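Dear colleague,

I am handing over the structure below for your own work, and I would be glad if you read it alongside the notes that follow. They begin with the ligand and then turn to the sheet and the helices.

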Amino acid sequence: MSVKVIVTGGADSVGRVIAEEFLRRGARVHICDVRGDALRETLAANPEMTGTLANVGNGDDVLKVIYESQRAFGDATILVNNVGIAGPRAALEDISDADWQQTMDINLGGMFRLMRGVVPAMKRNRHGVIINFSTGSTRTRLPMRTAYVVSKAAVESLTLNAARELGPFNVRCNAILPGMIDNDRMKGIVARIAEESGRSVAQVEEDYLKYISLRSKVQPQDLAQTVLFLASDAASKITGELLAVSGNVEWEI
Ligand SMILES: NC(=O)c1ccc[n+]([C@@H]2O[C@H](COP(=O)([O-])OP(=O)(O)OC[C@H]3O[C@@H](n4cnc5c(N)ncnc54)[C@H](O)[C@@H]3O)[C@@H](O)[C@H]2O)c1
């Protein structure tokens, strides 16, 4: 069966590396992203890739992603739900309804909507793989990031429940829990913590790494390799798993 993949947030960072790795291996790939400039740039660099400008927090946009991926290659066999926003960095009592709602709509609602869109065909075809991105912070917990951590804990429940419900149809569903990714978003978070705490960026990074057993950050490529494995036949008996790719984050500060 040919491999047909949807990658959300596929125009940059981890999502782009995943999309390009699938493409390099001969898969058909359809990405979506909320940033038009990044989407255009990624599609121009990868002429065989198709894509939709979409915010996964919006139901109509997600319907468009499903429709345009169907038009590009038919039924998707693999869904990589990669989009996740950081949400508010604030004390619990200072989180606004709007920030809470947006974090849930994008991080949890987005994954649910994409799954709802692809699952009917996967069930009908009795074949499918869904990979959702959570975070290692659901294990350590993370003060000042309540909306994010709660949304990702719900992503894990969504994943595990779907694994039970869809297993009888040969649709597998797993989650990846990344640690500290070496990308712009993490650099931004580290810079902000440095500013708030009066430490240097290098010091904050060093403090993070003290609590990572392998003493190293995760590269987008590390995550892409895990996605490729989970999507492959080598993982044909793996479903309902929450897999950390983090160097073992023991604690977060
Ligand atoms: N960066 C980290 O250190 C880290 C750590 C743990 C978990 N994660 C998780 O890993 C995944 C990938 O993280 P990342 O750092 O590459 O993300 P990122 O913030 O770099 O965003 C990746 C892409 O998603 C797109 N995007 C953002 N909001 C969108 C929306 N509403 N609709 C469609 N596209 C949207 C962005 O434009 C971007 O191209 C996320 O689920 C994130 O929560 C990241």
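Helices and strands are named here as DSSP runs, a helix having at least four residues and a strand at least two, and they are numbered from the N terminus. Please keep in mind throughout that this is a predicted model.

With the elements named in that way, the surroundings of the ligand can be described by the parts of the chain that supply them. The ligand has 29 residues around it, of which G9, D12, S13, G84 and I181 come nearest. Two or more residues of this shell are given by each of α1, β2 (28-33) and α7 (184-197), and α1 gives the most, with 3 residues. By class, the shell around the ligand consists of 15 nonpolar, 10 polar and 4 charged residues.

The sheet comes next. It is an open sheet of 7 strands with parallel pairing, and its order reads β3-β2-β1-β4-β5-β6-β7. The edges are taken by β3 (50-53) and β7 (242-245), each of which has a single partner strand, so one side of each is left without a neighbour in the sheet. On average, and with direction ignored, neighbouring strands of this sheet are turned by 15° against each other. At the β3 edge, β2 and β3 pair in the parallel sense over 4 bridges, and H30 stands opposite T50 in β3.

Two helices can be placed against this part of the sheet. Helix α2 (residues 36-45) packs on the sheet and touches β2 and β3, its direction making about 175° with that of β3. Helix α3 (residues 59-73) also packs on the sheet, where it touches β1 (4-8), β2 and β3, and its direction makes about 160° with that of β2.

Three contacts between helices remain to be reported, and I take them in turn.

The helix that gives the most residues to the ligand shell, α1, also packs with another helix: the axes of helix α1 (residues 13-24) and helix α9 (residues 220-231) come within 9 Å and cross at roughly 50°. That angle makes α1 oblique to α9, and α1 passes α9 in a right-handed crossing. On the α1 side the contact is formed by S13, V14, V17, I18 and E21, which meet P220, Q221, L223, A224, V227 and L228 in α9; by class, this contact has 8 nonpolar, 2 polar and 1 charged residues. S13 thus appears in this contact and is also among the residues that come nearest to the ligand.

The second contact involves α3, which packs with helix α4 (residues 97-125) at an angle of about 35°, with the axes 10 Å apart. Here too the crossing, of α3 past α4, is right-handed. G59, V62 and I66 in α3 meet R113, L114, G117 and V118 in α4, and the residues of this contact divide into 4 nonpolar, 2 polar and 1 charged.

The third contact is that of α7 with helix α8 (residues 201-210), whose axes come within 8 Å and cross at roughly 110°. Angles of 65 to 115 degrees count as roughly perpendicular, and α7 and α8 are therefore roughly perpendicular to each other. Their crossing is right-handed. V190, A191, I193 and A194 in α7 meet V201, V204 and E205 in α8, and the residues of this contact divide into 6 nonpolar, no polar and 1 charged.

With best regards

Conventions:
Residues numbered from 1 in each chain as written. Predicted model: local features only at pLDDT ≥ 70, side-chain atom pairs only at ≥ 80, totals over all residues. Axes fitted to C-alpha atoms, helices over the stretch in contact; angles between N-to-C directions. Parallel < 35°, antiparallel > 145°, perpendicular 65-115°, else oblique. Left-handed = near helix turned anticlockwise from the far one by under 90°. Contact = placed C-beta atoms within 7 Å. Nonpolar A, V, L, I, M, F, W, Y, C, P; charged D, E, K, R; others polar. Near = placed C-beta within 6 Å. Pairing = 2+ DSSP bridges.
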